[in-house]
Amino acid sequence: MTTLSIFHQSKPEQAHTVVTDPEAIQNVLAEHGVHFDRWATRELSVEASQDEILEAYADEVARLRQDWGFQAADVVSLTADHPQKEVFRQKFLDEHTHSEDEVRFFVRGQGVFYLHFDDQVYALLCKMNDLISVPDGTRHWFDMGPEPEFTCIRLFTNPEGWVADFTGADIASRLPRYEALAGEV
């Protein structure tokens, strides 16, 4: 179940609010300019290629390109048997920002997006069917867990793709990790 856990940065060990209703999650995140939606997923094999996945979601991707001006779309997929899974996990675990919206649609699997607004951190456990658009300039990070299993469509306004500006803050190390939020502890 998609879950939004909200933490105060001075008490990062325990969420003060937990929301599981998708419409309520959408409303809470919209207050911060974050777009959250749920799309119907298609039956696709775990081995589906990037082209097959993008073709299966061609209408939705075309609509986002038209409505939001995205220039590029690709697919990122990681499995627990990937030899560099820990390197990839570490790459996204520190707080950073982007100069463009970060958009992800979960075709399969799950991961946690942490969004840092003022003194609150919103941890969104995204699951299959979830679409999130993190506005440019938003402090955030992503945790795929120690045994990642996910496939996401990513959309970019910058054709060069994912470019991060790390904040240097240690907030990400003080919040519960994926394992705790996904119930795998």
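Asp118 sits in the loop between β6 and β7 (120–127). In this predicted model, Asp118 has a positive phi of about 55 degrees, although it is not a glycine. That is worth a look, since most residues other than glycine have a negative phi. Asp118 is also exposed, with a relative accessible area of 64%.

A second residue invites the same kind of inspection. Asn129 lies in the loop between β7 and β8 (130–134), and its phi is positive too, at about 95 degrees, again without being a glycine. Is Asn129 buried or exposed? Its relative accessibility is 14%, under the 20% cut-off, so Asn129 counts as buried.

Let us turn to the aromatic rings. Searching the whole structure gives 9 aromatic pairs. A pair of this kind is described by the distance of the ring centres and the angle of the planes. Two of them are set out here.

| Pair | Type | Centre to centre | Angle between planes |
|---|---|---|---|
| Phe106 and Phe142 | tilted | 6.4 Å | 40 degrees |
| Tyr114 and Trp141 | stacked | 4.9 Å | 10 degrees |

Phe106 belongs to strand β6 and Phe142 to strand β9 (residues 139–143), so their pair ties together parts that are 36 residues apart in sequence. Both Phe106 and Phe142 are buried. The pair of Tyr114 and Trp141 likewise links distant parts of the chain: Tyr114 is in strand β6 and Trp141 in strand β9, 27 residues apart. Tyr114 is buried, as is Trp141.

Ring pairs also build a cluster, which takes in Phe106, Phe113, Phe142 and Phe150. Phe150 is a handy residue to keep on screen, as it turns up again in the pocket described next.

The largest pocket has a volume of about 210 Å³. Which elements give two or more residues to its lining? They are β4 (72–78), α4 (85–92), β6 (102–117) and β10 (150–156). The lining counts 14 residues, and those nearest the centre of the pocket are Val76, Phe92, Met144, Phe150 and Arg154. Sorted by class, the lining holds 10 nonpolar and 4 charged residues, with no polar ones.

For a tour of the model, strand β6 makes a good guide. Strand β6 carries Phe106 of the tilted pair and Tyr114 of the stacked pair, and β6 is one of the elements that give two or more residues to the lining of the largest pocket. The loop with Asp118 then lies between β6 and β7, which brings the tour back to where it began.

Definitions and conventions. Residues numbered from 1 in each chain as written. Predicted model: local features only at pLDDT ≥ 70, side-chain atom pairs only at ≥ 80, totals over all residues. Heavy atoms only, no water. 1 Å grid on protein atoms, 1.4 Å probe; cavity = no way out; pocket = protein on both sides within 12 Å on 5 of 7 lines; lining within 4 Å. Points joined across faces, edges and corners; volume = space filled by probe spheres on them. Helix = DSSP H or I, 4+ residues; strand = E, 2+ residues; numbered from the N terminus. Nonpolar A, V, L, I, M, F, W, Y, C, P; charged D, E, K, R; others polar. Phe/Tyr/Trp six-rings, centres within 6.5 Å; stacked < 30°, edge-to-face > 60°. Buried < 20%, exposed > 50% of the residue type's maximum accessible area, 1.4 Å probe, protein only.
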